[in-house]
Amino acid sequence: MDELDGNGAAGLLQEVFGMEMTVAVATCASCGAVAPIGESGLYTGGPGTVIRCRSCDGVLVVITQVRGIHCVDLMGIRQLDMPLGNMAAGRA
Amino acid sequence: MEGTAVPRRLSSGPRPWEVATVTAVTRETPSVRTIALAVPSWPGHRAGQHLDVRLTAEDGYSAERSYSIAAAADDPVAITVERLDDGEVSPYLTEDLRVGDQLEIRGPVGGYFVWETADGGPLLLVAGGSGIVPLRAILRQREDSGSEVPVKLLYSARTLSELIYRDELDGQHDGVGIIYTLTREQPAGWTGYARRVDRALLAETAWPAGRNPLAFVCGPTSFVETVAAGLVALGYEPGRVKTERFGGTGGP
């Protein structure tokens, strides 16, 4: 499958984190690039969902489903900045 | 919702999967359909957001896809779907689904590629192929809310018959400029552009950077990369160039 972007994982991320995550700004642990999750690369063709840094291709997030749980690997994110008040995607 | 002090983003946690009912289907092009949905507990959405569709086979295998919502915030929910021949979900949605059928959905989701009236402009919307869908939601949102933000839409497709929402777009007026480019085949007498969107075409058609435009770019990955880089090279502020990439095969 083609590379997409983090916007395409909004539903999964919201399920896992309980809030709208595509506007969260991640600092890549590999190269230090700073970008919103919505802008980052999304790969869904292999096992699990992989989000990569658009600058260095370093893996930011891996989410896999095993035996009824989401396994969430965030080793590739050094810092995650969330806009205040950004609780969910819908309207109040 | 307008005029209240309640922030729209404050709401109550993640959306569950729920069952929607198809209320209408509209053929847009030979490979594209718009599907209107009745969703009992829909909380409202913002222009540019998505919803996820989950199809589950009898053996329990399921596939999920995310689709841009084609409707303005206060309009009934609809998605516009392009058929991908090797897709697991889109052939069903574009060929088999009928009015009255039920569909498992989750949404709205997303918040990055979103325009609200208060975000202002001037707006530059750049679409490649079915990347027009969330941009159409933004156009409708602008119109519904009475916004007078000036808009330019640059829409690239391969052929005339692949242009989605053409009648609606041709009917735009009052501060909305529509610029088409057909990259593969042009009908006789075509007066639009006939080349791929690149920096030169953007320089010719887009708002000058000095007007501090807000840009939304949606299309296949390579298209989006070219346009976003071109706009930044023309002086657009990177933080005001919002992008969304999709995996459709339909080219720009």
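How many of the residues in strand β10 of chain B, residues 214-220, are buried? In strand β10 of chain B, 7 of the 7 residues are buried, where buried means that 20 or more other C-beta atoms, placed from the backbone, lie within 10 Å of a residue's own.

Before I go on, a word on what we are looking at: this is a predicted model, in which local features need pLDDT of at least 70 and side-chain atom pairs count only at pLDDT 80 or more, while totals for chains, interfaces and linings use all residues. Residues are numbered from 1 along each chain as its sequence is written, and chains are lettered from A and ligands numbered from 1 in the order in which they are written. When I say helix or strand, I mean a DSSP run, of H or I over at least four residues for a helix and of E over at least two for a strand, numbered from the N terminus.

Let us look at the neighbours of β10(B), keeping in mind that two strands pair if DSSP finds at least two bridges between them. Strand β7 of chain B, residues 123-128, pairs with β10(B) in the parallel sense over 5 bridges, and B:Leu123 stands opposite B:Leu214. Strand β11 of chain B, residues 241-246, is also a parallel partner of β10(B), over 6 bridges, with B:Pro220 opposite B:Phe246. Between β10(B) and β11(B) the chain crosses through helix α5 of chain B, residues 221-233, in a β-α-β crossover that is right-handed, which means that, with the strands pointing away from the viewer, the path from the first strand over the helix to the second runs clockwise.

What about the two faces of β11(B), are they covered or not? Both are covered, with B:Val241, B:Thr243 and B:Arg245 buried on one side and B:Lys242, B:Glu244 and B:Phe246 buried on the other. In a regular strand the side chains alternate between the two faces of the sheet.

Now to the largest nonpolar core, a set of buried Ala, Val, Leu, Ile, Met, Phe, Trp, Tyr and Cys residues joined through C-beta atoms within 7 Å. This core has 82 residues, and among those with the most contacts inside it are B:Leu135, B:Phe216 and B:Val217. Its largest share, 6 residues, comes from helix α2 of chain B, residues 132-144. Leaving aside neighbours within four places in sequence, B:Leu135 is in contact, meaning C-beta atoms within 7 Å, with B:Leu125, B:Ala127, B:Leu153, B:Phe216 and B:Cys218.

Finally, chain A has 1 helix and 8 strands, and buried residues make up 43% of its 92 residues.

Conventions. Buried ≥ 20, exposed ≤ 12 C-beta atoms within 10 Å, placed from the backbone. Contact = placed C-beta atoms within 7 Å.
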